[in-house]
Amino acid sequence: MKKKWLSVLLAASMTVSLAACGSNDNNAVTNNENDAPQTDNAANTDQNQTPSTEIAETTTTEGAENTTASARPDAPMGQLIIGTETDLEQDFYDANYNNAATNYKVCGLLHGRDTVVVTKDGEWIADPSVAASLESVDNEDGTKTHTITLVDGMVWSDGSPLTVKDYVFAIMLESSKEMMGVDNYPATNYTFIEGWDEFNAGDSETLKGLHMVDDKTLSITVKAEELPYHYDIAYAAVRPRPLAVIAPGCDVEETEDGVKITGEFTTDLLMETIANTDTGYRYNPKVTCGPYKLENYDASSRQGTLVVNDKYSGDANGVKPVIEKVIIKTVKTDTMMNELKAGTVDLLFQISGGDMIEAGLDLVDAGIAQKNTYFRYGYGKLQFDCSAFPTDSEKVRQAIAYCLDRNEFARQYSGGYATVVHAEYGLSQWEYTDSRDWIDENLNAYERDIEKAKALLVEDGWTLNSTGAEYADGDGTRYKEVDGELKPLVIEWCNSEGNPVSELLGTMLPESMAEAGMELRGTTVDLPTLFNGIDHLTETQYNMFNLGAGFSMQHSPWYYYSTDEQYMGNLNSNWISDQELSDAAYALKSIPYDDKETWLTAWRNYMKVWNEKLPNVPLYSDEYHDFFNPKLQGWETSSIWDWASALTDAWVTE
């Protein structure tokens with residue numbers, strides 16, 4: 001049951017380069033997370049690597065080894081305790097407020113009834129449990145109108161009707177300047193709608209491209225400049241918000257110029273209904289429409305309890321959840337397998353890192369646990385703030401990459417369950433599978449080379465020592481004259497506590513960087529502080545963070561590397577303003593979803609530019625393992641069907 005060596009999916013030319021980071025399913029939006037156990041694989045055949053076929057067993061379709069299969073119950077029963085290495089924070093509105101992976105997934109369980117969803121097979125569809133029909137029409141002026149007719153009978157968790165007004169209100173709310181005043185909410189969800197700019201600026205009380213056609217139907221008209229769009233149907237995706245709860249006393253009204261909000265709709269009102277830390281919808285949502293409801297949240301332990309929403313009518317396949325209670329509990333890396341063994345947690349998901357995986361496999365061998373494995377749809381990374389000196393220079397970023405032996409890092413961290421990657425891709429992506437040889441031939445592997453790092457720093461002007469004299473080996477930290485001031489080459493690194501990736505980087509990077517003339521100054525913080533650092537909300541402006549990226553099914557690099565100010569610090573979490581990178585990413589946006597050939601060509605060019613600009617140092621992509629109590633039945637996860645998605649189909653035996 002331990003390792004089986006894989007030679008089918010990963011050819012002999014692939015090398016054993018492995019590592020670990022957290023996962024971020026950012027995105028519709030993106031989602032950065034910390035670098036603790038998580039895994040994926042990629043190929044690299046540089047001379048200094050060791051080719052091997054000894055890549056750990058992985059299957060994307062195998063499913064769990066259930067030996068005690070039982071019938072799915074007809075009614076909710078039992079409970080499941082899910083262990084997560086990323087704290088669940090009391091923040092339950094959406095990823096625009098908190099895109100840490102655990103909160104991101106819990107928000108999806110609480111809120112729902114999206115008009116458009118992604119299936120287990122990765123197909124975008126109008127959810128038949130929500131949309132009776134979806135019709136799309138190309139208009140003569142270059143715009144496109146999606147018309148959505150809702151099914152009858154949907155209700156909120158309190159039993160009140162869920163109507164077309166709740167869908168229209170959600171768009172208006174999250175596009176409004178009033179909402180932007182609520183804890184600096186970034187109104188980026190619906191920027192593609194015609195007339196959004198005028199409405200968002202407060203120059204129009206109506207949203208021109210949004211209409212209530214009748215009491216069951218809404219229409220959304222997409223700006224001409226936003227078309228064509230790779231994820232075209234995603235423009236018809238809307239998640240409702242309860243109008244009566246968030247804007248009591250207000251209403252939405254159809255006009256010939258679009259929908260408008262009536263009543264006393266103000267930021268002060270929203271600050272009370274959304275941002276009140278005791279009763280606000282962001283912190284304590286009581287009226288929701290997803291498969292689960294929030295029963296309680298314990299701030300001291302960061303533990304959340306969800307219970308089945310008995311008013312939920314079923315997902316796109318008509319399936320309702322039957323695990324009655326779900327507890328989300330923080331676990332520590334060094335004790336989580338003991339907790340699984342003892343039964344204080346029932347499920348550990350997306351486990352990466354050799355030590356953790358081997359410990360989990362020992363439990364499987366002993367019959368204490370079951371497992372499911374799949375490649376990662378994302379990668380681990382060192383993320384740079386490209387607006388901060390001195391990592392605003394790509395040569396400094398490249399020099400840092402040359403200071404890290406990523407192959408050794410991956411080997412030590414993953415124990416054979418991950419592979420080094422050289423750009424923004426994960427092992428489960430078809431683009432990677434179709435581009436292994438191309439990647440080897442065209443992307444810089446940044447093999448550890450201190451002399452290359454030094455040369456890059458000299459090119460970038462770091463040629464002085466602390467006295468302003470010419471720098472020589474042995475002078476310590478390099479300096480550079482900037483606007484008449486002598487500045488040191490110091491890299492402020494923000495990392496998360498209790499993180500094995502941080503610990504390993506802390507043993508490998510400082511000495512190498514010092515040899516090149518750089519000083520690495522590390523600060524260990526909790527995750528909320530780390531994310532505040534990324535968002536420029538901390539006193540210290542950091543240069544570097546170690547994170548993981550879990551791609552969403554609407555992975556949109558044209559936003560993540562856009563030079564447009566509206567995306568800076570939000571979707572563009574690198575704060576990078578590089579026109580060549582932005583153009584390479586933007587070229588992907590208009591390619592039709594089914595034109596794989598054109599997409600792959602543009603994707604490869606984007607990878608090549610990204611590999612040069614290096615907004616992040618890509619560390620690895622790995623193989624994930626879910627380990628779980630045998631009482632959990634019907635558990636099927638994959639690179640695109642995560643634990644939150646799998647929860648509705650699963651059940652427990654008691």
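**Exercise 1. The hairpin of strands 20 and 21**

Determine how strand 20 and strand 21 are joined in this predicted model, and describe the turn between them.

*Solution.* Begin with the direction of the two strands. Strand 20 covers residues 479–482 and strand 21 covers residues 485–488; the two run antiparallel and are joined by 4 bridges. Next, fix the register with one pair: Tyr-479 has Pro-488 in strand 21 as its bridge partner. Last, look at the turn. The two strands form a hairpin with 2 residues between them. Asp-483, in this turn, has a positive phi of about 50°.

**Exercise 2. A sheet of 3 strands**

Work out the order of the open sheet that contains strands 8, 11 and 12, and identify its edges.

*Solution.* The order is 8-12-11, and the pairing is antiparallel. Strand 8 (206–207) and strand 11 (251–255) each have a single partner strand, so they stand at the edges, with one side of each left without a neighbour in the sheet. Now take one pairing in detail. Strand 12 spans residues 258–262 and pairs with strand 8 over 2 bridges in the antiparallel sense. Within this pairing, Leu-207 has Val-259 of strand 12 as its bridge partner. Finally, add the helix that packs on the sheet: helix 2 (residues 164–173) touches strand 8, strand 11 and strand 12. The direction of helix 2 makes about 85° with that of strand 12.

**Exercise 3. A sheet of 4 strands**

Describe the open sheet formed by strands 6, 7, 9 and 10, from its edges to the helix that lies across it.

*Solution.* The strand order is 6-7-10-9, with antiparallel pairing. Strand 6 (131–138) and strand 9 (210–214) are the edge strands, each pairing on one side only. From one strand to the next, the twist averages 20°. The antiparallel pair of strand 9 and strand 10 (residues 217–222) is joined by 4 bridges, and here Met-212 stands opposite Leu-218 in strand 10. Helix 2 lies across strand 7 (144–150), strand 9 and strand 10. The angle between helix 2 and strand 9 is about 175°.

**Exercise 4. Burial of helix 2**

How many residues of helix 2 are buried, and which are they?

*Solution.* Count first: 9 of the 10 residues of helix 2 are buried, which leaves the helix mostly covered. The nonpolar and charged members can then be read from the list: the buried residues are Val-164, Asp-166, Tyr-167, Val-168, Phe-169, Ala-170, Ile-171, Met-172 and Leu-173. For the chain as a whole, buried residues make up 61% of the 654 residues.

**Exercise 5. Two helix pairs**

Classify the packing of helix 9 with helix 13, and of helix 10 with helix 14, by angle and handedness.

*Solution.* Take helix 9 (residues 394–402) and helix 13 (residues 450–459) to begin with. Their axes cross at roughly 170° and come within 8 Å. This angle makes helix 9 roughly antiparallel to helix 13, the cut-off being over 145 degrees. The crossing is left-handed. On the helix 9 side the contact consists of Lys-395, Val-396, Gln-398, Ala-399 and Tyr-402; on the helix 13 side, of Ile-450, Lys-452, Ala-453, Leu-456, Leu-457 and Glu-459. By class, these are 7 nonpolar, 1 polar and 3 charged residues.

Turn to helix 10 (residues 406–414) and helix 14 (residues 500–516). They pack at an angle of about 140°, with axes 11 Å apart. Helix 10 and helix 14 are therefore oblique to each other. Their crossing is right-handed. Glu-408, Phe-409, Gln-412 and Tyr-413 of helix 10 meet Pro-500, Val-501, Leu-504, Leu-505 and Met-508 of helix 14. The residues of this contact divide into 7 nonpolar, 1 polar and 1 charged.

**Exercise 6. A loop residue**

Is Glu-140 buried or exposed, and where does it lie?

*Solution.* Locate the residue: Glu-140 is in the loop between strand 6 and strand 7. Its relative accessibility is 89%, so Glu-140 counts as exposed, for which the cut-off is over 50%. Then compare sequence and space. Glu-140 and Ala-224 are 84 residues apart in sequence, while their C-alpha atoms are 10.0 Å apart.

**Exercise 7. The whole chain**

How many helices and strands does the protein chain have, and what share of its contacts is between residues at least 24 apart?

*Solution.* The chain has 19 helices and 27 strands. Considering contacts between residues at least 6 apart in sequence, 74% join residues at least 24 apart.

Definitions and conventions. Residues are numbered from 1 along each chain as its sequence is written. This is a predicted model: local features need pLDDT of at least 70, side-chain atom pairs count only at pLDDT 80 or more; totals for chains, interfaces and linings use all residues. Side-chain values use heavy atoms; hydrogens and water are left out. Axes are lines fitted to C-alpha atoms, for helices over the stretch in contact, and angles run from 0 to 180 degrees between N-to-C directions. Angles under 35 degrees count as roughly parallel, over 145 as roughly antiparallel, 65 to 115 as roughly perpendicular and the rest as oblique. A crossing is left-handed if the near helix is turned anticlockwise from the far one by less than a right angle, and right-handed if clockwise. Contact means heavy atoms within 4.5 Å. Ala, Val, Leu, Ile, Met, Phe, Trp, Tyr, Cys and Pro count as nonpolar, Asp, Glu, Lys and Arg as charged, and the others, Gly among them, as polar. Two strands pair if DSSP finds at least two bridges between them. Buried means under 20% relative accessible area, exposed over 50%, partly exposed in between (1.4 Å probe, protein chains only).
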